[in-house]
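Got your viewer open? Keep the selection box handy, and let's take a walk through this model one stop at a time.

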Amino acid sequence: MSFSDQLKARKQRQVTSFVDLGANRVASELSTASSAIAITGSDAGGSKSTFRDNDKENVYPELSGFLEIRIDDVSGRGIWTKSTTNGGLKNIPAGSKLLAIEPHVSALSTIYLANLCSACHRSRGPAHTSLQRCVKCKKCQTHDWPAHKHECASLQYWIVASTSTVDSPETQSEDAGQGKEMGSSAKELDLMQTHRPSLQESNHRSMTMLAHALARYVTASDTPSPEALAKLEIGSARELLDIISRFTVNTFTLTNPSLTAIGVAVSPLAALVNHSCIPNAVVVFPRSSAVFAAGSDPLEVVAIRDLAPGEEILTSYVDVSLPRRLRGKELLDRYHFDCGCRSCAIAPGVGHVDAREAMICDREGCTGMLALPDHGRSVLPTCPSCQNSPSVDIASVLDAVRLGEDALEKATAMELEDPEGAMRYTSNLIPLLSRHIPMTSHPLLALYRLHQTLLIGQLSQEVQISGNLHTGSPAQSSVEASALNPRLPKERVDQVCTIAARSLSAILVVFPDGHPVRGVALAELGKLLCVDVDEDAKGMEDLQNNAGPSTMIRDGFPAGAERLKLSRDALLRARTELRRGFGGEGGEVAREVEESIRNIEKEWKGWQRVISQNTR
């Protein structure tokens with residue numbers, strides 16, 4: 001999409017102002033939209049209406065036939081399954097793809113610009129050498145040129161002349177990166193929600209800076225004139241802020257197939273899906289097709305459990321492994337609402353312990369967990385197992401959690417630039433927190449997952465590898481990589497496997513059934529167990545798995561055929577989870593898991609022959 005194309009489309013319709021919509025935002029948006037849109041009467045409950053499009057190709061043409069847009073008095077517009085399917089009631093099974101959309105706009109984070117294609121988001125390598133790139137801006141040229149030709153001059157201006165401290169519009173503006181041609185998208189973009197009137201004072205400065213950067217970018221001028229902006233039908237600073245607000249509120253995290261965040265993407269239709277901290281669907285970029293197509297990286301919304309007719313589609317806008325207070329803060333700061341889902345409505349306390357914000361009972365002989373209290377709470381929590389309050393100083397536990405959260409933020413920022421510094425944070429904080437909170441609690445789980453990534457990166461530096469096991473790599477993740485060269489020190493590999501197994505045991509508790517994080521974690525453990533080692537196992541002690549018994553969760557891992565079997569078991573389970581979490585056949589990660597399973601089965605047959613010969 002380009003501003004020139006947007007201008008052409010806008011001339012064909014009445015321009016809608018989104019200034020001062022206030023509490024009646026939904027009604028105002030709909031009343032000023034195209035006359036092709038009509039709202040039917042309320043349902044029997046009187047609280048929902050169906051948003052009908054009498055000329056479907058003009059608005060939301062990619063909406064699936066079994067879905068419809070409704071308006072709820074509380075949550076506004078949303079996407080729901082239709083009450084009937086083919087004349088009768090029918091559930092939509094888990095793993096179904098509800099939407100598959102090429103984003104209107106996508107942009108990579110700055111750190112990935114040198115390693116990933118800005119249009120298709122794939123890494124540079126022999127498999128994709130046929131891609132044609134703009135020699136100035138590195139694009140999938142053939143696919144992207146119709147839009148890129150309008151932005152190329154602005155990007156060149158920013159590269160040469162920009163003195164702004166704001167990040168390049170390659171990662172900030174609505175027009176940068178890969179876009180689709182204008183058509184019905186003009187109406188979709190104008191119907192996206194803006195929260196400019198309700199912006200908090202703390203956000204004003206950053207939004208104003210972004211507005212100035214956008215004005216300079218679209219006019220390719222250090223001092224944009226009102227006349228230049230007027231040609232794009234941007235008539236005021238408020239309209240610039242509306243554009244920024246609309247895209248800030250409605251962006252999705254762009255991820256690679258193994259869920260590493262690499263940028264942002266915008267899809268007005270997918271943005272209609274409302275939030276719940278107990279989601280029944282997820283937004284993913286699985287690269288479902290094994291056939292490469294320039295500029296193709298569709299956003300898909302996938303059901304992670306069976307959906308009943310007339311049920312609302314809900315995804316989580318935030319990381320569901322976060323505790324309630326942090327989820328609520330992010331939702332309020334960025335999306336301007338308080339969540340009222342069951343997970344947020346039930347306050348932790350007596351009779352309810354949320355594993356994401358819990359502490360370990362320190363009473364001798366007790367293995368229970370109790371709710372982690374908030375700062376300033378005068379009443380101590382009671383362990384539901386032993387009915388006693390903890391003897392530990394609660395303030396010291398809360399201080400450790402706060403210290404861990406600060407360390408996690410710093411270590412995450414240092415991950416790529418200073419992995420050794422990040423490792424010092426994770427190595428110091430994990431033992432401290434493990435004394436007080438369970439693996440499932442924040443920030444311990446997040447620190448474990450980051451520590452796993454750093455260990456893999458460290459191992460990759462110590463040995464010659466084919467591929468790249470570093471999960472934070474701009475090019476690949478651990479499940480996308482080839483196995484390490486054989487005969488690595490077993491204790492080093494087992495260290496990483498142990499961390500991966502412990503993380504997995506908590507992930508299976510915290511993330512709901514069907515969530516793709518589960519499948520990716522299983523795939524990572526299975527791939528790590530594929531690594532050949534040069535010593536026999538010294539321990540076989542099982543790790544506690546709160547999700548149920550599992551022969552693959554271990555503190556010590558065997559070598560040889562038994563290790564190979566554990567790897568196969570993990571990958572087979574990963575394949576099932578990936579097909580549910582990413583839909584269809586499970587996307588690119590599942591294809592690589594399939595290949596690993598085939599290779600393991602070939603090697604397993606070799607081990608069986610050796611065992612058979614030795615037992616004769």
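Before the first stop, one bit of vocabulary: helices (H or I, at least four residues) and strands (E, at least two) are DSSP runs, numbered from the N terminus. The expected span of a helix is 1.5 Å times one less than its number of residues. A word on the ground rules: this is a predicted model, where local features need pLDDT of at least 70, side-chain atom pairs count only at pLDDT 80 or more, and totals for chains, interfaces and linings use all residues. Residues are numbered from 1 along each chain as its sequence is written, and side-chain values use heavy atoms, with hydrogens and water left out.

**Stop 1: helix 8**

Select residues 237-250, which make up helix 8. At 1.5 Å a residue, its 14 residues should span 20 Å, and the end C-alpha atoms are indeed 20 Å apart, which agrees.

Is this helix enclosed? Here, buried means under 20% relative accessible area, exposed means over 50%, and partly exposed is in between (1.4 Å probe, protein chains only). Of the 14 residues in helix 8, 10 are buried, so the helix is largely enclosed by the rest of the structure. Try colouring a few of the buried ones, including Leu-240, Ile-243, Arg-246 and Phe-247.

**Stop 2: Thr-253**

Now move to Thr-253, in strand 8 (residues 251-255). Thr-253 counts as partly exposed because its relative accessibility is 45%. Contact means heavy atoms within 4.5 Å. Leaving aside neighbours within four places in sequence, Thr-253 is in contact with Ala-261, Gly-263 and Phe-285. Draw a distance from Thr-253 to Val-266 as well: the two are 13 residues apart in sequence and 8.9 Å apart in space, C-alpha to C-alpha.

**Stop 3: the aromatic rings**

Next, show the side chains of Tyr-317, Tyr-335 and Phe-337, which form one aromatic cluster. Rings of Phe, Tyr and Trp (its six-membered ring) pair if their centres lie within 6.5 Å; planes under 30 degrees apart count as stacked, over 60 as edge-to-face and the rest as tilted. The structure holds 3 aromatic pairs. One of them is Tyr-317 with Tyr-335, a tilted pair at 4.9 Å centre to centre and 50° between the planes. Tyr-317 lies in the loop between strand 13 (314-315) and helix 9 (324-335), and Tyr-335 in helix 9, so the pair ties together parts that are 18 residues apart in sequence. Tyr-335 and Phe-337 are also tilted, because their planes meet at 45°, with the ring centres 6.5 Å apart. With a relative accessible area of 8%, Tyr-335 is buried, while Tyr-317 is partly exposed at 22%.

**Stop 4: the cysteines**

How many disulfides are there? A disulfide is a pair of cysteine sulfur atoms within 2.5 Å, and by this rule the count is 0. Select Cys-344, which is in no disulfide: the nearest cysteine sulfur, that of Cys-277, is 3.6 Å away. Cys-344 counts as buried at 11% relative accessibility.

**Stop 5: the largest core**

A nonpolar core is a set of buried Ala, Val, Leu, Ile, Met, Phe, Trp, Tyr and Cys residues joined through side-chain atoms within 4.5 Å. The largest one has 68 residues, and those touching the most other members include Met-359, Cys-497 and Val-593. Which helix gives the largest share of this core? That's helix 14, with 11 residues.

Finish by zooming in on Val-593: not counting residues up to four places away in sequence, Val-593 touches Ala-523, Leu-571, Arg-575 and Leu-578.
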